[in-house]
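Colleague: Please take a close look at one helix in this model and at what surrounds it. I would like a connected account rather than a list.

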Amino acid sequence: MTRSESVQTVNDALDRQGISRRTFLKSCMLAASAMALSPLAGSAMAKQLGKMKRPSVIYLSFQECTGCLESLTRSFSPTLEHLIFNVISLDYDDTLMAAAGHQAEAAKEQAMRDNYGKYVLVVDGAIPLAFGGACHTAAGKSAIQILKEAAKGARAIVAVGTCATFGGLPHANPNPTGAIGVSDLIKDKPVINVSGCPPIPVVMAGTIMHFFAFDKVPELDELHRPKMFYGNTIHDRCYRRPFYDAGKFAESFDDEGARNGWCLYKLGCKGPTTYNSCATLKWNQGVSFPIESGHPCLGCSQPNFWDGGSFYAALPTPKWGKAGEGNPSKAGEIAGAAAGIGAGVGLAAAGLSRYRQYRRAIKAAAAAENGDDSDGQSKEE
Amino acid sequence: MDLLSIARGPALKAALAIFFFGITWRLVTIFLLRHNWQLSFAREGRAGAWSGALKSVFTFRRPRLSRARRSSMEATADAAVAVGSRSWPHPPFVRRTLYGETIGYLYHIGLALVVIFGAPHILVLKSFFGVGWPALPTPIITIISVLTLALLFAALMRRLGSPVLRHLSNFDDYFSWSIVTLVFATGLMAHGHLGGPYQDVLAWHILSFDLLLAWFPFGKLMHAFFLTPSRAIAGYLLKRRGAPV
């Protein structure tokens, strides 16, 4: 990843590595089909990408587990190797790059200077704000400083993973580091959110490729996610949906329903509220996805999914006690305490009412003794 | 925190607290209020009066076989009416009130079936009581829900169409109807994945249920708790005075 490589066109890079145009076209076709674009879009992508200079990409990692990058390395359409060796110039990624320390930082600064206003910034991980940003530092700078510096010259920012998009696990209650997502911090640049824990590799690679091929931010949903990948819920596209519609549910992981592949809604599946492409693109080169393997969807591409209650509590189940636990005793405590207070207030109200009636009766009796009937009666009324 | 988390978290807790507070507050207050002294003797003793209270709640009225000659079909119909006839109008009023009574009964039954035997509702009730039970098949619950919703609208039309009922109705009647209907409509929409993203519609369904819980003790929905005591008191007083119960 030297500077001389980064100024080559994509076609040059392909020629140098002996990759035929046919192979490149095939790769673009696969990427286009993953994005549900027409076959014509695949050839348009190949044409556009071929003649452009390999765009510079800077990949920053903050509060994350490297799962997103692990996932990206399993991309098959396009493969990560194809993406970083042929389509883009990955100028900085502290996990993948050979350089380290001052050399790595120098490479990043060089890329930012040379491609100011043109490079795409990929961010992985949440940004901690607490303690002046001291919870994450690199090269003597906090994550906030690093992100703001890099975002200044970026053409667009792609936030990958639920940590970078919505804060993810670091943001989970009680969020000790004050972690937030990129779009909560950067408001003056287009931010494309590619959420998931981790995101589907093809979705990450496809989003980056789409941006370069069509030279624009793809259509986004209200959470800034590309609609082409996040337009439907898992439930909408789930092959177990007919069982949901027929009211056939697995009640436990080892019952007849589970063995028959019935709907996992009662076992806590968050498919109905989760927008992602797992049910269509699947994982591991289209082998399967969690529901196909018999496990409910966790809803990992939605904001605050860690705080959404137990992974195994059905969607309508109330959240009584601690996050994630449908706790009957907590409901009982609430009901009991409220009923106790209600009974106390009722007792006091009835007592007060009786006392007033008693006082009125005394007054009425006294008035009657004094021969003043009318006064007592009017008060009684 | 998203809307669904609010609906099934803090909003539900608050609604539940208001519900139980309001119910006990009203019931305790009413039961402990001073009652008028009964100046007459109990015709059949105090035990007899209490038996009247229990009978009015737990027994059915016998069919009135007023006519001497009856066909077997008429007798069967009478017997059917006799089951629960204590909650059915007297024969002279049946013709006039049949439509309203039928609608009322049917939508109450529909509500009960959907609440008790709908699969997602069983999960909610299980989180309260710790036990669950088998659900009715989803298509059956869907049909019952649609019919119940239609009956709720029929009940509203009847109320609006009758000058007397319209005159007797106030904000409480319409508001209580609106909340019940809202809970039903949003539930059906969530089930059918209509009207927007599922989590939003589900959140509105649960929020409307939260509102129903919070409103319950303070409006006419409280009839669910007042019905039985009211009838017991009526039965007690009637029996005390020697009237047949």
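Modeller: What follows goes from the helix to its packing partner, then to the chain contact and the two chains.

This is a predicted model. The helix is H2 of chain B, which covers residues 10-32. H2(B) packs against helix H10 of chain B, residues 198-215, and their axes lie 7 Å apart at an angle of about 20 degrees. Because angles under 35 degrees count as roughly parallel, H2(B) is roughly parallel to H10(B). The crossing of H2(B) past H10(B) is left-handed. On the H2(B) side, the residues that make this contact are Ala11(B), Leu12(B), Ala15(B), Leu16(B), Ile18(B) and Phe19(B). H10(B) answers with Ile206(B), Leu207(B), Asp210(B), Leu213(B) and Ala214(B).

H2(B) also has a part in the contact between the chains. That contact takes 37 residues from chain B and 37 residues from chain A. On the side of chain B that touches chain A, the elements giving two or more residues are helix H1 (3-8), H2, helix H6 (119-129), helix H7 (138-161) and H10 of chain B. Of these, H2(B) gives the most, with 14 residues. Both members of the helix pair described above, H2(B) and H10(B), are thus among the elements that touch chain A.

The chain that carries this pair is built from helices: chain B has eleven of them and zero strands. Its pattern along the sequence is accordingly α-α-α-α-α-α-α-α-α-α-α. Chain B has 245 residues, and 27% of them are buried. Among the contacts in chain B between residues at least 6 apart in sequence, 71% join residues at least 24 apart.

The partner, chain A, has 19 helices and nine strands. Buried residues account for 45% of its 381 residues. In chain A, 68% of the contacts with a separation of 6 or more are between residues 24 or more positions apart. The radius of gyration of chain A is 31 Å, whereas a compact globule of 381 residues would have one near 21 Å. Along its principal axes, the C-alpha trace of chain A spans about 120 × 55 × 35 Å. Chain A is divided into domain 1 (3-229), domain 2 (234-307) and domain 3 (335-380). The centres of domain 2 and domain 3 of chain A, taken over C-alpha atoms, are separated by 62 Å.

How values were computed: Residues numbered from 1 in each chain as written. Chains lettered and ligands numbered in written order. Predicted model: local features only at pLDDT ≥ 70, side-chain atom pairs only at ≥ 80, totals over all residues. Helix = DSSP H or I, 4+ residues; strand = E, 2+ residues; numbered from the N terminus. Buried ≥ 20, exposed ≤ 12 C-beta atoms within 10 Å, placed from the backbone. Contact = placed C-beta atoms within 7 Å. Rg over C-alpha atoms; globule rule 2.2 N^0.38 Å. Domains from an automatic or database assignment. Axes fitted to C-alpha atoms, helices over the stretch in contact; angles between N-to-C directions. Parallel < 35°, antiparallel > 145°, perpendicular 65-115°, else oblique. Left-handed = near helix turned anticlockwise from the far one by under 90°.
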